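Subject: Structure handover

Hello,

The structure we spoke about is below, and my notes on it follow. Please read them next to the coordinates.

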Amino acid sequence: MTEHVRVIIIGSGPAGLTAAIYAARADFNPVVLEGEPSSTSDQPGGQLMLTTEIENFPGFVDGILGPELMGNFRNQAERFGARMHGAKAARIDLSGRHAAIWASDATSQEPTYTADAVIVATGARSLMLGLDNELRLVGHGVSTCATCDGFFFRGHRIAVVGGGDSALEEALFLTKFAESVTIIHRRDSLRASKIMQDRAFASPKISFLWNRQVTALHEQGGSLSGVTVQDMAGGAEERHDFTGLFVAIGHAPNTDVFKGQLEMDDLGYIMTQPGSTATSVRGVFAAGDVQDHIYRQAITAAGSGCQAALDVEKYLAAQEA
């Protein structure tokens, strides 16, 4: 049977669980669709579940493991009355008076939940290379965020995969810590803006492997020990002993289930109203990386989760007035 709830939160990363803490403390008894452990884009806890030590989240002087931090978020939300449902939003209908959400099974005739307000916090995923042991090595030599992990690579020989502004920004940031940074790009020219190219070419620590793609990751003792790259023209392969690999080929927001229902930008990120987390649909709010392709930090996601819950509280109060 369909259950009606005041607030449903879709996603359980820093944004979703912070929203759950605030919504629960406001006595809305929110339901959190956590996602499914088998899914790479909808896994409970979000991207921090794939990280090891986090040193830049305020309040943890000696750092904290990503899964531990998200476990704390979850326990705190449950302490105030949030209910966790280990499922993804398989189907959503925002056309009626109340939002209708199907959890996991999109084929069911009746939705699992209807809700007065929805907070979308499904996040975004880093595009990966698709290599066999890539995800296993995330946090053990492989990363998708230089500002998050660069400090751990002091003195390392690092490679950055990509050719856009993001890749060059990552590479330039990493020069603060690395012995050397090598940019691996599939083409013979960069897509990045001229100013970013000029900065990268001018850095004595940055070099380039043109017309190359990474075909294998090597590990020793559970950590990255090197990569194999292949020449895009001739097919010849060569190994390089990089102990850090940053994948910077882009991000994709987890918004497929909302397409055609919520206004999005050209990249698929949900658009929110200026100075608010409200979306183009009344009663639906968005927080975290699903609507932020600029900062993409745990602390900014958590902050927007707080904002979304406060916006929901004002929205529901206005409906009752």
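Buried here means under 20% relative accessible area, exposed means over 50%, and partly exposed covers what lies in between. Please keep in mind throughout that this is a predicted model.

Disulfide

How many disulfides does a search of the whole structure find? The search finds one. The disulfide is formed by C145 and C148, with their sulfur atoms 2.2 Å apart. The torsion about its S-S bond is about 70°, so the disulfide of C145 and C148 is right-handed. The two cysteines fall into separate burial classes: C145 has a relative accessibility of 14% and therefore counts as buried, while C148, at 28%, counts as partly exposed. Another cysteine, C306, counts as buried at 17% relative accessibility.

Aromatic pairs

A pair of aromatic rings is described by the distance of the centres and the angle of the planes. The count of aromatic pairs comes to nine. One of them joins F201 and F208, whose ring centres are 5.1 Å apart; the planes stand at 50°, so this pair is tilted. F201 is partly exposed at a relative accessible area of 44%, whereas F208 counts as buried at 18% relative accessibility.

Another pair is F285 with Y315. Their ring centres are 5.8 Å apart and the planes stand at 65°, which makes the pair edge-to-face. F285 belongs to strand 19 (residues 284-286) and Y315 to helix 7 (residues 298-320), so the pair ties together parts that are 30 residues apart in sequence. F285 is buried, with a relative accessible area of 5%, and Y315 is buried as well, with 16%.

There is also an aromatic cluster, formed by F151, F152, F173 and F177.

Charges over rings

Two arginines are worth listing with the aromatic rings. The charged end of R25 sits over the ring of F80, at 5.4 Å from the ring centre. R91 lies over the face of W102, and here the distance to the ring centre is 3.8 Å.

Three-stranded sheet

Strands 14, 15 and 16 make up an open sheet of three strands, in the order 14-15-16 and with antiparallel pairing. Which strands stand at the edges? They are strand 14 (212-220) and strand 16 (237-240); each has a single partner strand, so one side of each is left without a neighbour in the sheet. From one strand to the next, the twist averages 25°.

Strand 15 (residues 223-231) and strand 16 run antiparallel and are joined by four bridges. For checking the register, Q230 stands opposite E237 in strand 16, and V227 has H240 of strand 16 as its bridge partner. The hairpin of strand 15 and strand 16 has five residues between the strands, and in this hairpin G235 takes a positive phi near 90°.

Positive phi outside glycine

Two asparagines belong under this heading. N29 has a phi near 45°, a positive value in a residue other than glycine. N29 is found in the loop between helix 1 (14-25) and strand 2 (31-33), and with a relative accessible area of 42% it is partly exposed.

N211 is not a glycine either, yet its phi is positive, at about 55°. N211 is located in the loop between strand 13 (206-209) and strand 14. Its relative accessibility is 29%, so N211 counts as partly exposed.

A histidine in a loop

N211 also appears among the contacts of H185. H185 is placed in the loop between strand 12 (180-184) and helix 6 (194-202). Is H185 buried or exposed? Its relative accessible area is 4%, so H185 is buried, given that the cut-off is under 20%. Which residues is H185 in contact with, leaving aside neighbours within four places in sequence? They are G162, G163, L190, R191, L209, W210, N211 and R212. Of these, N211 is the partly exposed asparagine with positive phi described above.

Regards

Key:
Residues numbered from 1 in each chain as written. Predicted model: local features only at pLDDT ≥ 70, side-chain atom pairs only at ≥ 80, totals over all residues. Heavy atoms only, no water. Helix = DSSP H or I, 4+ residues; strand = E, 2+ residues; numbered from the N terminus. Buried < 20%, exposed > 50% of the residue type's maximum accessible area, 1.4 Å probe, protein only. Contact = heavy atoms within 4.5 Å. Phe/Tyr/Trp six-rings, centres within 6.5 Å; stacked < 30°, edge-to-face > 60°. Lys NZ or Arg CZ within 6 Å of the ring centre and 35° of its normal. Pairing = 2+ DSSP bridges. Axes fitted to C-alpha atoms, helices over the stretch in contact; angles between N-to-C directions. Disulfide = S-S within 2.5 Å.
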